[in-house]
Amino acid sequence: MKKILFISMSILALTLSGCADFLEEETFSQLTPENAYLTKEGADKAMNGAYAMLQDGFDYKFSIGLGILGTDEATSYNDTYGDHEVLLDSYTYSSEYDIFEAVYLDLFEGVKRCNVIIDLLPVDVEDRELFVAQAKFLRGVYYFELVNLFGGVPLWLLASADKDNLKKPRATVDEIYLQIEKDLLESEKVLPAVNVWEEGRATKFAAQAMLARMYLQQLNYEQALKYCNLVIGDGNNFHLYDDYADIYDPANKNAGYENIFEIQHRASLKSEDEGSTSTDFFLPIELQGTIYTGWAMYGPTDYLYNSYEPNDKRKSITYITTGVNAAGQTVTFKPHCFKYYNRTAGFPVNDGEQNFPLIRYADVLLMKAEAINGLQTETGQQTVEKFRCLNDVRKRAGLEPIENIGTNSTKQGFLETLLEERLHELCFEKSRRKDLIRNNKLQTYVLVRKPNRPVPDKAKEYYPLPLAALDANSLLEQLAGY
Amino acid sequence: MEAELIKNLKLRTENGGEFINNQSNVFQDSRMTGIYKNTNISDRENGEQFYMQTENTLTYNLNKGIHRLTAVGGFSASVFNWTKVTTQVLNASNITQNDNLGTGTPKFVNSDRVKSTLASFFVRANYSLLDKYLLTVTLRADGSSRFAKGNKWGYFPSGGFAWRINQEDFLKDVDFLDNLKLRTSYGIVGNQEIGSYQSMAQVDAASSRYTDYVFGGDLATGSRTSILAQPDLTWEKSRQFDLGLDFAFFNNRLSGSIDTYDKYTYDLLYNVPLPLESGYRTALVNVGAMRNKGFEFTLNTVNFNTKNFVWQTSFTYSFNDNEIEKLYNGLNRVGDYFVGKSINVIYTKRFGGIWQSDEAEVAKVYNAEPGDYKIIDANRNNIIDDDDRDFVGQTVPQYFGSFSNTFKLYGFDFTVFLTFAGGHKIYNPFAYLDSYSPSANMSLDYYNNYWTVDRPSNKYPRLGSTNSQLYETDGVYQKGDYIRVKNVELGYTFPHSINKKLFVNNIRIYASVQNLLTFTDYTGFDVETNNANPYPACRVFMGGLSINF
């Protein structure tokens, strides 16, 4: 009996010791952070994923609405279907508004994917430095959008998540900007001026241009000017196209001529895949059923459409006001933004071939003018330079130069003229909200130029944190005023 | 295999396996209208499942006088392997179809492989004293590959005690008592049914619009971390207490059982939302607790028992009460789950009938007019919104059971089997169709009864009422109480005298009807399912002849 017991006990012991391995969870088709990033190919996939959220977070048709509505630039058009857009444009949304949640999630998904590259790539992965530099650039871009939309958000900088520390409170706006500055500066040091890999990746110039944009938004004119000058260089790094339409033409994708960093798309023969959705909410509803099928959710304000100087070549490129409808009749309608429209390939809707210019040379020139102006007292030495920058952009539009006379010879007067130029040059490129907020013009311009919409109070310069974010993180506090 | 090692000690090993191969081939000819126009679509799937298990036990038996003991100790282990390949090809040849996919263009190819293992050690002892007092004790440890190191093992003890009361001396002389047994047990069981790889961090590298980007004009497929590691994930546990009584009287003409239970489930495996900033939406963790209490009752009677006429009745009744006791983070509500309510609770606005002509002014407050749906403004703030929701019932029956009667008269036998359930509500949007729209299909009942000034209705709105919020109220739920005549069967068994002539043992001829009648107020397709649009239960007429040789 004792012997038997001994034998069975030893069988038991053997099995027990083997059990540790037996119960190990073996993976086959599953990728984990431990095996997914060991090679350059794996790192590359993670990198592609980190870029991918630009498409949803920035130029997805709903995300565009967040960047343009509620200003003197754009207004909601289609009040039957476009209830989302009416809410945004009239500042009547609540924190439950689902587009806030979607964009908030998309941007933080982007941050997460960048954190994985910065935090988890093994040191010996080929080109690790270049991957990390791109990830830092992108993380700066994602946080810049987050801080401008929602103010101080929680700061996530690591891929690993400590489960007892998943909830983070809001960081301050300044803390977020410090991090963006750090990320962009570090990426600027490493990124090559000319893309060594495929077209479409972040370059040194893209980082410099984003730095200029970020400093300008903080009214740090000195640094903004410095980085504008780095992008401009001797004047041969980038150029303005002669034809304004060339900026958006898919034939010029990633030419590196005027556009400094573009969000990439390609027609996929499928709605909402890798193709651009940017035109779907711009195109006129009157042309439904034709190749211009769209939903007319938003378009220019009356003010914007009527504020162009008579010879401005950009106006006819930017808008469509007439067309042939599905019944074959020529119809005219309210002006709709048309500058992104492209019908060279792809599925009929939500599958545009065109890229979205996140930052381009004309913007840098105008930022430089704004920075110089900001540094100036009423009469400063750099006056000539700021007029030259502004007038370079005007010249391409076929307009007469602005002279240093009248109100334009004052600091405030020049700023007003410059903001008007930015409006005409950069409309529907998600610049206007930021332009007006940093120059404290949102309220005054909306009041005068958009009589049918309420004027937002100061608190509404940020959107509310989405309700789902507040529900899931008890440390988050809603902004005062919401 | 079984071997007796020494007297009373048996070693037993049982090993088995199962291999399943399944293939699915679907070819949609372009002439059928599919999701792609003018395109042949071939779907081909090949899956394999391989399951192996071993169980090894040592059993020790001891019979000594009034004591009887059986002790079992052992271990078992199982491995589950699963692989699958799926492909879709467009425009494969109509002639060779799925047998020559090379004639088309691949749309997608995917494969998947999963393995999970389970191991258990257990000791069980049954002890019986005087055949009157029965004691069972079980201790088991189960390990699952699905949980991370350190949390793989769950320990599940249980114990039971039964007392055969009718064996006691003081009841030995009670003639009419055939059986009286009191049972009670208490134990913990575990649940690991969460799918594999839920505790480890995962990277999703499947090509999708969400992870892919474009470089140099070419598709650049991407990846993302999709699941946050949950090293603390472990077994869900249920503590259950049972108390039951078996009884039989009068030569088993009256028998049955009563059982009550109280089951407390804790460390529930549940997806909780994570902070959105983490980039993960939810995580599967052990949280919360739930309680199920109820009783089950069975009664079998032989009402008549004569040579040529027998009448037997069987009745069962079950009642269950479910309640969420705890959610997570001290929350009283998460989504549609509420502490103190059933997990199947219905939380919605209340339907108050139709606004009538003399209520026009009140209706106006809610942007409605006479003939529109009336929704109860529970908090009386003149706005109908989510704050007006209330608990209006539950979606699973509170009670259910059956009632069966069998009659035998000479060679004839006749059985009526009824089932019933109630205390719940069923979602039935079809009762209304899009009845408010004059251009949509409408039910005859709607057509005959919709609201007009001269023909006020409290059920159907006026023609053209655009107020379609009925779908957000309890108006789309109907009481699910029912009694159904599930089966009726009439049979005749031929007498032995005939059998002998035909050289057979037994001949029976019968006819039956399933789902003959249903008594319910529910107007949907099938009161027995919770699904709003099920394939309804069929009424089946059957006849047959059975012969035993």
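In which strand of chain B does B:Asp267 lie? In this predicted model, B:Asp267 belongs to β14 of chain B, a strand that covers residues 254-273. The backbone of B:Asp267 has a phi near 50 degrees, which is a positive value in a residue other than glycine. Most residues other than glycine have a negative phi. B:Asp267 is classed as partly exposed because 19 C-beta neighbours lie inside 10 Å, whereas a buried residue has 20 or more.

A positive phi is also found at A:Asp127, where the value is near 60 degrees and the residue is again not glycine. A:Asp127 is located in the loop that joins α6 and α7 of chain A. With 16 other C-beta atoms within 10 Å, A:Asp127 is partly exposed.

Confidence was examined by chain and for the complex. Chain A has a mean pLDDT of 91, with 94% of its residues at 70 or more. In residues 1-10 of chain A, however, the pLDDT is below 50, and this stretch makes five contacts in the model beyond near neighbours in sequence. Where pLDDT is low, the predicted coordinates should not be read in detail. For chain B the average pLDDT is 89, and 95% of the residues score at least 70. The complex as a whole receives from the predictor an ipTM of 0.92 and a pTM of 0.80.

The interface between the chains brings 53 residues of chain A into contact with 47 residues of chain B. On the chain A side, two or more residues each are given by α1 (2-22), α2 (33-36), α3 (40-57), α6 (98-120) and α18 (467-472). The greatest contribution to this side comes from α6(A), with eight residues. Sorted by class, the side of chain A that touches chain B consists of 25 nonpolar, twelve polar and 16 charged residues.

The largest nonpolar core comprises 140 residues. Within this core, the residues with the most contacts are A:Ile117, A:Ala206, A:Ala209, A:Ala212, A:Cys228 and A:Val231. Helix α7 of chain A (residues 128-150) supplies the largest share of the core, 14 residues. A:Ile117 touches A:Ala43, A:Ala46, A:Met47 and A:Ala50, as well as A:Phe131, A:Val132 and A:Ala135, when residues up to four places away in sequence are not counted. Another core, of eleven residues, lies apart from the 140-residue core; B:Phe351, B:Ala368, B:Tyr446 and B:Tyr460 are among its members.

Helix α4 of chain A (residues 61-68) is mostly covered, as six of its eight residues are buried. The buried residues of α4(A) are A:Ser63, A:Ile64, A:Gly65, A:Leu66, A:Gly67 and A:Ile68. After α4(A) comes A:Gly70, with a positive phi near 80 degrees. Contacts to this region are made by A:Leu88, a residue of helix α5 (residues 83-89) of chain A. Leaving aside neighbours within four places in sequence, A:Leu88 is in contact with A:Gly65, A:Leu66, A:Leu69, A:Gly70 and A:Tyr93. A:Leu88 and A:Leu69 are separated by 19 residues in sequence, and their C-alpha atoms are 6.2 Å apart in space. A:Leu88 counts as buried because it has 26 C-beta neighbours inside 10 Å.

A:Gln179, in helix α8 (residues 173-190) of chain A, has 18 C-beta neighbours inside 10 Å and therefore counts as partly exposed. Apart from residues up to four places away in sequence, A:Gln179 touches A:Tyr143 and A:Leu155. From A:Gln179 to A:Ser95 the C-alpha distance is 26 Å, with the two residues 84 apart in sequence.

Two packed helices are described by the angle between their axes and the distance between the axes. For helix α14 (residues 383-396) and helix α15 (residues 411-426) of chain A, the axes come within 11 Å and cross at roughly 35 degrees. The crossing of α14(A) past α15(A) is left-handed. On α14(A) the contact involves A:Leu390, A:Val393 and A:Arg394, and on α15(A) it involves A:Leu418, A:Glu421 and A:Glu425. By class, this contact between α14(A) and α15(A) has three nonpolar, no polar and three charged residues.

Key
Residues numbered from 1 in each chain as written. Chains lettered and ligands numbered in written order. Predicted model: local features only at pLDDT ≥ 70, side-chain atom pairs only at ≥ 80, totals over all residues. Contact = placed C-beta atoms within 7 Å. Helix = DSSP H or I, 4+ residues; strand = E, 2+ residues; numbered from the N terminus. Nonpolar A, V, L, I, M, F, W, Y, C, P; charged D, E, K, R; others polar. Axes fitted to C-alpha atoms, helices over the stretch in contact; angles between N-to-C directions. Left-handed = near helix turned anticlockwise from the far one by under 90°. pLDDT = per-residue confidence, 0-100. Core = buried A, V, L, I, M, F, W, Y, C linked by C-beta atoms within 7 Å. Buried ≥ 20, exposed ≤ 12 C-beta atoms within 10 Å, placed from the backbone.
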